Structure formats: C-alpha cells, structure tokens
Amino acid sequence: MSKPLWQPTASLQALQARAQLYQQIRQFFASRNVLEVDTPTLSHGTVTDVHLDAFSCEFNYSSTGKTETLYLQTSPEFALKRLLATYKTCVYQLGKAYRHEGHGRWHNPEFTMLEWYRIGFDHHQLMQEVSELLQLVLDVPETEMLSYQQAFLKHLALDPLTATTAEVATVFNRCNIDLSDDYPIDHDGMLQLLFSYEIEPNIGQQVPCFIYGYPASQASLAQLNKQDPRTADRFEVYFKGAELANGFHELQSAPEQRRRFEHDNRLRATFRLPEKPIDEHFLAALDAGLPACSGVALGVDRILMLKLGAEHIEDVIAFPVNRA
C-alpha cells in the first residue's frame, strides 16, 4: 500500500543512516584539516556543458532595477574555486545541487553533493583520498583503477584515443543503442554513450572502479596530461551500476577555460540548445590565481543507496520531486 503523498518516501532508519553518513564525512575531513564551507546555490552564471542543464528563475529585486535570470547550481565548483583563489586553503562542501534532468532510479533533480579541493594534489593523489573515503563509508576492502583507454580496449576492442569518427560510429551502430531524438551525437557523444551502455555495466561490480585518463576533448575543467596530451587529468568512479564521482586535476588558466566555455556554447548552437551565460566571477578568480589543486564531486544519495542496498533514490531521500 503506497504512502499518502504528504509522507516521506524514506524510512526513519534511512534518515538515521544519512545523519550517520554525514557525521562520517565530516570527521573524515576534520582529521585532514579540510575546511567545511557553504556557498550559494543561486548564481548569475552556470555550466555550459552540452550534457548538463540547470534550473533557472527570475529575480525581480536586483540593485539594477532589472529582472535578472539566476541559475540553481549543478555543483558548487565555481564558488569553491573562488574561495580557493582567495584563501589558498583546502575546502569541502556538503549540500544541495540541482540538475534539470529526469527523475529516475539514481537521480532526483535536487540531490546532495559532496565536493572538495586539495591544494598540491594531482588527480592520482586525490583518487587515493577518494578511495580511502569510499572504503570507510561503504566498508569495501579496496578499489580498482583502469584507464579510459584500457576500458575501451578491454570491453569493445576500440582505442578511443586513436579511432576515427567513422571507426567509433561502426562500433556504435553495432551496439544498437536506443537514443532520444535530441541527444547530441558527435565523436565524443558516441564515446560517452558507448561507455554508459557497454562499459559501465561491466566495471565496478565487486569494488569501486576508478576510470582515469579521459580524452582531451572531454577535459571539461581538467588539465591536459603532460605525458600524453591526448588525455585529460580527469577521473570518474563507478560502483554496482552507479556513477559516484567526477574529479579533475584542475585547470588554472583563465584564457583556456574561457576558450572551453565558448566552445561549449558553439556546440550548443550546433545541437540547437540555448547558449548559457559564462560565469565571469569564476574566470576572474582563475585569472587572479587558482592554486595548483585537484577536486572531486561525489553523489551522496547514491553512496547512501549503496550503503543500505536501496533499489531507488526515493528510498534514501525524504521527499523526492514528485512529493516536494
């Protein structure tokens, strides 16, 4: 018998487990002298990524007297880096993030994210710290690591760093992946779908699996690798069918970051998606000087699902979008 719509979908035990998880996370960072901070979820700028969409709202009380569009943040990344550029200290945030995507097993449009930045770390050092956190909160004995190239060669016999678009398309068409009409399909789009449908279900089933060394074209906010500039110093983590985290050895160049944002918006136009406003405060912080660091964002609701063996995100959040 289903609960009345006013009642929460999560059990009291799940809410208690969430509180315990938050306590574990805060103790983990306190022991490493990483400062907990709080940043706005509303901003004038937002992500330009073709594959992300932010909620927007209208603000009618600005000092300019004009109506302004504000965006609910898909991640606290830009604001956290502004703090890093100012105070040069390691920080983390545990709080809400928002993505304008469908409600499903692993995703609610409003969700809880843990994001942190470690000054002086490269992405391999940060992967080790993420591994230590996952071993603590998920009680797993170890984690494993695999490069993006190795994963494609192992599961699809395709080298994503050397294959032409035609070669990628041949493998893609052979896999018969069902697409929505508006999904952007280009070289990287096909690689991302191949990874999601053909590789992701086959990795991280026993212990969390780190995938690193993504193609440079998928660098986002990461540095390109100095030894192999075909790849970016970026990683993701997968466990039992869930993408848990996305991390970078952070790009420090404001001009290069602006170029990437502008490229995203040109790509958006190609796919008939609206252009997104670039966060000028963030770029100004990069220009002022972001310390050498690595950062990662981790989905806390998904961690809690795995910790409790929950089948749906509704089992671990009090009020999902259909009850909010």
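This passage describes the aromatic pairs, the charges over rings and a small set of paired strands in a predicted model.

A good place to begin is with the aromatic side chains. The structure holds 14 aromatic pairs. One of them joins Tyr 148 and Tyr 214, whose ring centres are 4.7 Å apart and whose planes meet at 45°, a tilted arrangement. This pair brings together distant parts of the chain, since Tyr 148 belongs to helix 4 (residues 148-156) and Tyr 214 to strand 8 (residues 209-215), with their positions 66 residues apart in sequence. Both partners are shielded from the surroundings by the accessibility criterion: buried means under 20% relative accessible area, so Tyr 148 counts as buried at 1%, and Tyr 214 counts as buried at 3%.

Tyr 214 has a further aromatic partner in Phe 195. The centres of these two rings lie 6.5 Å apart and their planes stand at 50°, so this pair, too, is tilted. Phe 195 is found in helix 6 (residues 187-199) while Tyr 214 is in strand 8, so the contact ties together parts that are 19 residues apart in sequence. Phe 195 is also buried, because its relative accessible area is 4%. Seen together, these residues are members of one aromatic cluster, made up of Tyr 148, Phe 152, Phe 195, Tyr 214 and Tyr 238.

The ring of Tyr 214 also receives a charged neighbour. The charged end of Arg 234 sits over this ring, 4.4 Å from its centre. Tyr 214 is thus a helpful residue to follow through the model: it pairs with Tyr 148, pairs with Phe 195 and lies beneath the charge of Arg 234. A second arrangement of this kind involves Phe 28, where Arg 32 lies over the face of the ring at 3.7 Å from the ring centre.

Attention can now turn to the strands. Three of them form an open sheet in the order 2-4-3, with antiparallel pairing. Strand 2 (42-43) and strand 3 (56-59) are the edge strands, each pairing on one side only. In the order of the sheet, strand 4 stands between strand 2 and strand 3. Strand 3 and strand 4 (residues 68-72) run antiparallel to each other and are joined over four bridges. Within this part of the model, Glu 58 stands opposite Thr 69 of strand 4.

Key: Residues are numbered from 1 along each chain as its sequence is written. This is a predicted model: local features need pLDDT of at least 70, side-chain atom pairs count only at pLDDT 80 or more; totals for chains, interfaces and linings use all residues. Side-chain values use heavy atoms; hydrogens and water are left out. Rings of Phe, Tyr and Trp (its six-membered ring) pair if their centres lie within 6.5 Å; planes under 30 degrees apart count as stacked, over 60 as edge-to-face and the rest as tilted. Helices (H or I, at least four residues) and strands (E, at least two) are DSSP runs, numbered from the N terminus. Buried means under 20% relative accessible area, exposed over 50%, partly exposed in between (1.4 Å probe, protein chains only). A charge sits over a ring if NZ of Lys or CZ of Arg is within 6 Å of the ring centre and within 35 degrees of the ring normal. Two strands pair if DSSP finds at least two bridges between them.
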